[in-house]
Amino acid sequence: MSTLSDLLAEHTDLPGEAVDHLQRVVGEWQLLADLSFADLLLWVGTDDVAGSPDAKVLCVAQCRPTTAPTAFTEDMVGAVVSESQHPTVIDSLITREIVRGEVRGSESVPVRCGEHVIAVLTRDTSPAQQRRPSSLEIAYRTSADDLCRMISDGTFPTPVERTDVNSSPRAGDGFIRLDTEGRVVYASPNALSAYHRMGLATELSGRDLASVTRSLITDPFDSQEAADHIRATLSSSVGHRMEVDARGATVLIRTLSLRPRDRSVGAIVLVRDVTEVKRRDRALLSKDATIREIHHRVKNNLQTVAALLRLQSRRMENEEARSALSESVRRVTSIAVVHEMLSMSVDEEVDLDEIVDRLVPIMLDVATVDSRVRVKREGKLGVFSAERATPLVMVLTELVQNAMEHGFEAGSAGTVLIKADRSARWLDVVIHDDGQGLPTGFSLERSEGLGLQIVRTLVSVELSGSLGLHPAQGGGTDASLRVPLGRRARH
């Protein structure tokens, strides 16, 4: 099944910032679907919608509610529809406003990122729900409407939400709606149960939630911090996720600010009793620690190998042999840094920007050229899985080292610039140096250098990418690397 990243890479040219925002929307929309009692579909334009008489849109993601029957029994992901089939989506893309359909329970919400509308989110309610709503449903739907308005404004989801935990409560776990003063307007039965488990002996309705929560939490520092976070949500757009202990119970709390049109209308607080879950998680933590320890030991072993090679190179009198050992030290060190990052990661993914920034001083240290050559980085490489990070790091270090050693005359100053541009489809990296340029008659395919041979193999076999080496405009050399992302990466 195609993922959101796959479909965006196949059918759009959205910039990386827009793709990240859509990923955040999809990461949050189970909550929105449950609060709306509606199916959510995410649509992107396949044409220039404003300039096409028969514009079409593509469904790239779908979410069904856990609080109501689904309106779509079939899978809509991958469906392409025209304006005649789904006019409100096209209208929302063009007008950049929320558009309600003629059929009751249908609505299209523009997804704004910065100054641009990059997609449309539709809410469709099953006809079976056309009945008198309960107080819980009214509280849910009112909050969902506020969140949809924030999506249309571009203020939800926020990328800066503070968190002390990796998981998050859902609406069905426990839902509390606060007014602008922080008092409880509505608390679901599950939310009341969670607070009773924490030691509350009374009702929540009408009470100041921050004060109530502070009085129940065991640790005085945690209690004050939780109260501060709840109050802060009312005055800012940044929410918070935290885990608190109260009288033997462990509860997850998440706060969400409601600020449609940049005006505070209160907040949502989600709570979940995770006392039993935490007990089972402790057993899993030991397994995660074992995996990270393996990466740590691999890193240590590779660093030992690098140290031995470095010692051996110092004893070599042959300059060619010494240079070969120095290159081996750099390659082993590159792999060691990846494993060091994995030893600190819980999801087998690493940040390439951090790795490259740590490797640059090492490359300058082992380089055979004068240290007057500087290395800088522009743009973001982003996060990659472990299996792709290792070959990509080796390719980048080889290209940078090649530019440092062969792009400049001995003793001359210069700059090597790593320029990265990541979109939904590709990671494009240009290694630019302002040195003496390529030798006359140079051909990447016919090059016999070991470093470039390693790079060609890794790019074509491990990364399914492309590589070019050509003179740069204004002098110097550009090494252009293109690596496919999304579904293309697995071809």
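Which side chain meets that of Arg261 in a salt bridge? The partner is Asp153, with 3.9 Å from N to O, and this pair returns in one of the views below. The structure is a predicted model, in which local features need pLDDT of at least 70 and side-chain atom pairs count only at pLDDT 80 or more, whereas totals for chains, interfaces and linings use all residues. Residues are numbered from 1 along each chain as its sequence is written, and side-chain values use heavy atoms, with hydrogens and water left out.

**View A. Phe37, Tyr140 and Phe175 form one aromatic cluster.** The structure holds two aromatic pairs, where rings of Phe, Tyr and Trp (its six-membered ring) pair if their centres lie within 6.5 Å, and planes under 30 degrees apart count as stacked, over 60 as edge-to-face and the rest as tilted. Phe37 and Tyr140 make a stacked pair, at 5.6 Å centre to centre and 25° between the planes. Because Phe37 lies in the loop between helix H2 (16-36) and strand E1 (39-45) while Tyr140 lies in helix H4 (residues 135-153), this pair ties together parts that are 103 residues apart in sequence; helices (H or I, at least four residues) and strands (E, at least two) are DSSP runs, numbered from the N terminus. The ring centres of Tyr140 and Phe175 are 4.9 Å apart with the planes at 70°, so this pair is edge-to-face. Tyr140 in helix H4 is thereby linked with Phe175 in strand E8 (residues 175-178), 35 residues apart. Phe37 counts as buried at 4% relative accessibility, Tyr140 counts as buried at 4%, and Phe175 counts as buried at 0%, where buried means under 20% relative accessible area, exposed over 50% and partly exposed in between (1.4 Å probe, protein chains only).

**View B. Helix H4 carries Asp146, which meets Arg177 of strand E8 in a salt bridge.** The N to O distance of this pair is 3.2 Å, and a salt bridge is a side-chain nitrogen of Lys or Arg within 4 Å of a carboxyl oxygen of Asp or Glu. Since Asp146 lies in helix H4 and Arg177 in strand E8, the pair ties together parts that are 31 residues apart in sequence. Asp146 counts as buried at 14% relative accessibility, and Arg177 counts as buried at 10%.

**View C. Arg261 and Asp153 link distant parts of the chain.** Arg261 is in the loop between strand E11 (249-258) and strand E12 (266-273), and Asp153 is in helix H4, 108 residues apart. Arg261 is exposed, with a relative accessible area of 55%, whereas Asp153 is partly exposed, at 22%.

**View D. Arg482 forms a salt bridge with Asp428, and its charged end sits over the ring of Trp426.** The closest N and O atoms of Arg482 and Asp428 are 2.7 Å apart. Arg482 belongs to strand E19 (residues 477-484) and Asp428 to strand E17 (residues 426-433), 54 residues apart. Arg482 is partly exposed, with a relative accessible area of 33%, and Asp428 is partly exposed, at 23%. The charged end of Arg482 is 4.5 Å from the centre of the Trp426 ring; a charge sits over a ring if NZ of Lys or CZ of Arg is within 6 Å of the ring centre and within 35 degrees of the ring normal.

**View E. The charged end of Arg422 sits over the ring of Phe384.** The distance to the centre of the Phe384 ring is 4.7 Å.
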